[in-house]
Every structure is written in structure tokens, then in C-alpha cells.
Amino acid sequence: MSRPIDCRIIENALLARLAARVLGGQAAAMVIGRRLLLWGVPAQAFLDDVRWRRHEACHVLQYHRYGLAGFLLRYAWQTLRHGYRHNALEVEARAASDQPGFDERVQFHP
């Protein structure tokens, strides 16, 4: 296995707050490149949630695969065309949340 991708956790991020509001939740996580933006949840609670960690690790790997602009364009297009729930990148990330060891490819740090 190659070296894990490093991803920095940023708590109380305003963009994640906006995401939480749009999605109607109290907490949210969103990845932008190699940064994980959190709102309404401390970093340790995120790290302790293996399914959530795998989901966000998948988004980090998607950024790695497509690049920043490529990911953002795909994500926006998929969401506009199919909605958030059926966005292919979200579908892939939800599937990753059930794959043991998937999050080993990304190292999250506060």
C-alpha cells in the first residue's frame, strides 16, 4: 500500500456550517482538497466515527483522482443533474463507508 494522503481537520468552518444549513443538519463535514471542514462536531468525535471517516476519506481520494477543479465541477454537475442524494460522488462515498480499511488510505489530523 502506498503512503496515506494527509488531510488536515479544521473545526468550526463556516463553509461546513453553510453545508449543514443547506442539508438541514446540526453537523456537517466537507472536504476541499486535503482539508476536512467540520461544523457542529469536534474533530475527535469525527475521528471516532469509522463510517463517517471512511465516507470523507473517499472524498479526499476523489479529489486526489480528479484534482481540485475536476472534483468541484463533477460534484456541482452531478448535484445539479441528479440531486445531492444521487450524486455519483456521494453514492461512491456512501458505499465506501461500509468498506473495512477504506479510511487507511487517508490520514486525518487536527
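**Entry 1: Arg 65 and Glu 92**

I began with Arg 65 in this predicted model, and found that Arg 65 forms a salt bridge with Glu 92, the closest N and O atoms being 2.8 Å apart. The pair links distant parts of the chain, since Arg 65 sits in helix H3 and Glu 92 in helix H4, 27 residues apart. I then looked up how open each partner is: Arg 65 is partly exposed, with a relative accessible area of 45%, and Glu 92 also counts as partly exposed, at 30% relative accessibility.

**Entry 2: Asp 103 and its arginines**

A search of the whole structure gave me five salt bridges, and I followed those made by Asp 103. The side chains of Asp 103 and Arg 53 meet in a salt bridge at 2.6 Å, N to O. Asp 103 lies in the loop between H4 and E4 while Arg 53 belongs to helix H3, so this pair ties together parts that are 50 residues apart in sequence. I checked the burial of the two partners, and both Asp 103 and Arg 53 are buried.

Arg 54 also forms a salt bridge with Asp 103, where the closest N and O atoms are 3.9 Å apart. Arg 54 lies in helix H3 and Asp 103 in the loop between H4 and E4, so here the pair ties together parts that are 49 residues apart in sequence. Arg 54, like Asp 103, is buried. I therefore note Arg 53, Arg 54 and Asp 103 as one network, because a salt bridge is counted when a side-chain nitrogen of Lys or Arg is within 4 Å of a carboxyl oxygen of Asp or Glu, and the salt bridges here share partners.

**Entry 3: Glu 56, a charge without a partner**

Which side chain of opposite charge is nearest to Glu 56? Glu 56 is found in helix H3, residues 50–82, and I noted that Glu 56 is buried yet has no salt bridge, the nearest side chain of opposite charge being Arg 94, 10 Å away. Leaving aside neighbours within four places in sequence, I listed the contacts of Glu 56 as Ala 29, Met 30, Val 31, Leu 36, Phe 46 and Phe 108.

**Entry 4: Gln 99 in the loop**

I went back to the loop between helix H4 (88–96) and strand E4 (106–109), where Gln 99 lies. Gln 99 counts as partly exposed, at 35% relative accessibility. The C-alpha atoms of Gln 99 and Val 50 are separated by 10 Å, although the two residues are 49 residues apart along the chain.

**Entry 5: The two sides of H1**

Which residues of H1 are buried? I found Ala 16, Ala 19 and Ala 20, and seen down the axis of H1 these buried residues fall within an arc of 100°, so they line one face of the helix. An α-helix has 3.6 residues a turn, so residues three or four places apart point the same way. What covers the buried residues of H1 includes strand E2 (28–32) and strand E3 (35–39).

On the other side of H1, I recorded Leu 14, Arg 21 and Val 22 as exposed. Val 22, placed in helix H1 (residues 14–23), has a relative accessible area of 64%. Val 22 also helps to make a nonpolar surface patch of about 490 Å², together with Leu 15, Leu 18, Leu 23 and Tyr 84. Just after H1, I noted that Gly 24 takes a positive phi of about 75°.

Notes: Residues are numbered from 1 along each chain as its sequence is written. This is a predicted model: local features need pLDDT of at least 70, side-chain atom pairs count only at pLDDT 80 or more; totals for chains, interfaces and linings use all residues. Side-chain values use heavy atoms; hydrogens and water are left out. Patches are made of residues with over 30% relative accessible area and no salt bridge: like charges are joined within 9 Å, nonpolar side chains (Val, Leu, Ile, Met, Phe, Trp, Tyr) within 5 Å. Accessible areas come from the Shrake-Rupley method with a 1.4 Å probe; for residues, only the protein chains shown count as cover. Helices (H or I, at least four residues) and strands (E, at least two) are DSSP runs, numbered from the N terminus. Buried means under 20% relative accessible area, exposed over 50%, partly exposed in between (1.4 Å probe, protein chains only). The arc is that of the directions from the helix axis to the C-beta atoms. Contact means heavy atoms within 4.5 Å. Lys and Arg count as positive and Asp and Glu as negative; His and the chain ends are not counted.
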